[in-house]
Amino acid sequence: MQQLQHAARALGWDGRLVPDVDVLDTRFTAVARIRPDVHEWRLNNGWEPELNPAWFKAWSEPEHHDQLPVAAVDLIGILVPVSKPSRALRACGMLLSLAPCAVVLPGQQRYDALSMLELDYYGAGVVTTGPDDSGELVIPPENRAAEFGSSMFGRWLLEVLYSRLLEHPQLTENA
């Protein structure tokens with residue numbers, strides 16, 4: 001976990017690390033932050049995290065819901081540890097549509113320039129970690145989420161992260 005803290009710090013991502021999020025056949029760590037004003041409003045109005053994905057499908061049918069809760073968290077970025085660059089693009093693939101995504105690579109080996117160029121082209125970031133777990137930003141990630149627009153899946157993921165942050169207030173703060 002300390003490796004991921006250093007990676008998030010190297011990226012300048014200020015939020016809580018939510019480990020072991022498993023979606024789209026990828027396990028990653030999200031860096032998220034609760035929006036205090038929205039969280040307070042949701043608590044006062046009985047809007048707990050909604051974890052049922054079918055409920056979000058009904059959002060597209062306004063006759064079922066005349067009110068929808070505002071997202072109570074911001075997804076700052078996604079960290080995916082990988083052992084080598086050849087696995088990096090696949091690891092970030094679909095996640096790039098949700099938030100900036102960076103792979104965390106071990107820093108003690110040399111990396112193929114072509115692999116790094118490919119990651120940069122697609123907007124995936126790269127952070128390496130050394131033996132002392134310090135993080136070094138190699139390629140800054142791009143936020144391509146706006147290109148893909150919002151989705152019910154992305155909104156559901158925000159609810160999952162909100163739930164995890166409420167269930168585990170001890171999750172590591174990356175400030």
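Show the accessible surface of the whole protein chain to begin with: it comes to about 9,600 Å², and 51% of it belongs to carbon and sulfur atoms (areas are from the Shrake-Rupley method with a 1.4 Å probe, and for residues only the protein chains shown count as cover). This is a predicted model, in which local features need pLDDT of at least 70 and side-chain atom pairs count only at pLDDT 80 or more, while totals for chains, interfaces and linings use all residues. Residues are numbered from 1 along each chain as its sequence is written, and side-chain values use heavy atoms, with hydrogens and water left out.

Now colour by burial: of the 175 residues of the protein chain, 49% count as buried (buried means under 20% relative accessible area, exposed over 50%, and partly exposed in between, with a 1.4 Å probe and protein chains only). Switching to a cartoon, you will find 7 helices and 6 strands, which from the N terminus on run α-β-β-α-α-β-α-β-α-β-β-α-α (DSSP runs numbered from the N terminus, helices being H or I of at least four residues and strands E of at least two). Among the contacts with a separation of 6 or more, 62% come from residues 24 or more positions apart (a contact means heavy atoms within 4.5 Å).

Next, select strand E1, residues 16–23. Because 6 of its 8 residues are buried, E1 is largely enclosed by the rest of the structure. Add strand E2, residues 26–34, which pairs with E1 in the antiparallel sense over 6 bridges (DSSP must find at least two bridges for two strands to pair). Within this pair, Val-18 stands opposite Ala-30 in E2. Pause also at Asp-20, which lies in E1 and has a positive phi of about 55° although it is not a glycine. At 47% relative accessibility, Asp-20 counts as partly exposed. The hairpin of E1 and E2 has 2 residues between the strands, and here Leu-24 takes a positive phi near 50°. For context, most residues other than glycine have a negative phi.

Continue to helix H2, residues 36–44, and show the side chains of its buried residues, Val-38, His-39 and Arg-42. They cover an arc of only 100° around the axis, which puts them on the same side of H2 (the arc is that of the directions from the helix axis to the C-beta atoms). These buried residues pack against E2 and helix H7 (152–167). On the face turned away from the buried side, look for the exposed residues Pro-36, Asp-37, Glu-40, Leu-43 and Asn-44. Just after H2, Gly-46 takes a positive phi of about 75°.

From H2, move across to H7 and select Trp-156, whose place is in this helix. At 18% relative accessibility, Trp-156 counts as buried. Select Leu-51 as well: the two residues are 105 apart along the chain, yet their C-alpha atoms are separated by 6.9 Å. A polar atom of the Trp-156 side chain lies 2.9 Å from the backbone oxygen of Leu-51.

Finish at the cysteines. The structure holds 1 disulfide, joining Cys-92 to Cys-101 with an S to S distance of 2.1 Å (a disulfide is a pair of cysteine sulfur atoms within 2.5 Å). Both Cys-92 and Cys-101 are buried. The torsion about their S-S bond is about -80°, so the disulfide is left-handed.

Definitions and conventions
Polar contact = N/O pair within 3.5 Å; in protein donor to acceptor, adjacent residues only side chain to side chain.
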